[in-house]
Amino acid sequence: RPYLPDALFHDLHNGVPLPRDVPAPGLSTNQVAIVFTDVQGSTATWEAFPEGMQEALQVHNATVRGCISQHNGYEVKTIGDSFMVAFDSTIDAVGFGCSVQEQ
């Protein structure tokens, strides 16, 4: 059963119907593991050091994206310094999390 009613789903995309049952590249249609990341305390750091945070965010994003690739993940979306990532297995998801922390 779809999460959103057809009419609402249709309206959210300016009247353009979008496919719902298309899996993300490289992911099966079975269960997936979803990981959310966030840089703790980043808002205060942005306020105190905006120039340094711009460079740090570029390094952060490159690091996270490299780990996503290494662990067969799929970047669903980013908002600020947060990522939503999907994995075909929990082992890949945990490996990703460990790799990001170790970097």
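## Serine 42 and its surroundings

Serine 42 sits in helix α2, which spans residues 42-48. The model is predicted. Relative accessibility at serine 42 is 9%, so this residue counts as buried; the cut-off for that class is under 20%. Its contacts, leaving aside neighbours within four places in sequence, are Met53 and Asp81.

Asp81 also turns up beside threonine 37. Threonine 37 belongs to strand β1. Its contacts outside the four-place sequence window are Asp81, Ser82, Phe83 and Phe96. Threonine 37 has a relative accessible area of 18%, and therefore it is buried, given that the limit is under 20%.

## Overall layout

The protein has four helices and three strands. Read from the N terminus, the order of elements is α-β-α-α-β-β-α. The protein has 103 residues, and 25% of them are buried.

Contacts along the chain can be split by sequence separation. Take those between residues at least 6 apart in sequence: 50% of them join residues at least 24 apart.

## Strand pairing

β3 takes part in two pairings. With β1, β3 pairs in the antiparallel sense over five bridges. With β2, residues 73-79, the pairing is also antiparallel and runs over six bridges.

Individual positions show the register. Isoleucine 34 stands opposite alanine 86 of β3. Tyrosine 74 stands opposite alanine 86 too. Threonine 78 stands opposite phenylalanine 83, again in β3. Strand β3 is mostly covered, with five of its six residues buried.

## Turn and loop backbone

β2 and β3 form a hairpin, with two residues between the strands. Glycine 80 lies in that turn and has a positive phi of about 65 degrees.

Which residue has a positive phi although it is not a glycine? Asparagine 72 does, at about 60 degrees. Most residues other than glycine have a negative phi. Asparagine 72 is placed in the loop between α3 and β2.

## Nonpolar core

The largest nonpolar core has 10 residues. They are Ala33, Val35, Val64, Cys67, Ile68, Phe83, Val85, Phe87, Ala93 and Phe96. Four elements, β1, α3, β3 (82-87) and α4, each supply at least two residues of this core.

Alanine 93 is one of the core residues. Not counting residues up to four places away in sequence, alanine 93 touches Ala33, Val35 and Phe87. Those three partners are also listed in the core. Phe83 and Phe96, both core members, are among the contacts of threonine 37.

## Largest pocket

What is the volume of the largest pocket? It is about 280 Å³. The pocket is lined by 13 residues, and the closest to its centre are Val39, His60, Val64, Val100 and Gln101. Two or more lining residues come from each of β1 (33-37), α3 (50-70) and α4 (90-102). Helix α4 gives the largest share, four residues.

By class, the lining holds five nonpolar, six polar and two charged residues. Val64 links two parts of this picture: it is among the residues closest to the pocket centre, and it is a member of the largest nonpolar core.

## Glycine 66 in α3

Glycine 66 is found in helix α3. Is glycine 66 buried or partly exposed? Its relative accessibility is 29%, so glycine 66 counts as partly exposed; the class lies between the 20% and 50% limits.

Serine 99 is 33 residues away from glycine 66 along the chain. The C-alpha atoms of glycine 66 and serine 99 are separated by 9.5 Å.

Terms used. Residues are numbered from 1 along each chain as its sequence is written. This is a predicted model: local features need pLDDT of at least 70, side-chain atom pairs count only at pLDDT 80 or more; totals for chains, interfaces and linings use all residues. Side-chain values use heavy atoms; hydrogens and water are left out. On a 1 Å grid over the protein atoms alone, a cavity is a set of points where a 1.4 Å probe fits but cannot get out, and a pocket is an open set with protein on both sides within 12 Å along at least five of seven lines; lining residues have an atom within 4 Å of a point. Grid points are joined across faces, edges and corners, and a volume is the space filled by probe spheres set on the points. Ala, Val, Leu, Ile, Met, Phe, Trp, Tyr, Cys and Pro count as nonpolar, Asp, Glu, Lys and Arg as charged, and the others, Gly among them, as polar. A nonpolar core is a set of buried Ala, Val, Leu, Ile, Met, Phe, Trp, Tyr and Cys residues joined through side-chain atoms within 4.5 Å. Buried means under 20% relative accessible area, exposed over 50%, partly exposed in between (1.4 Å probe, protein chains only). Contact means heavy atoms within 4.5 Å. Two strands pair if DSSP finds at least two bridges between them.
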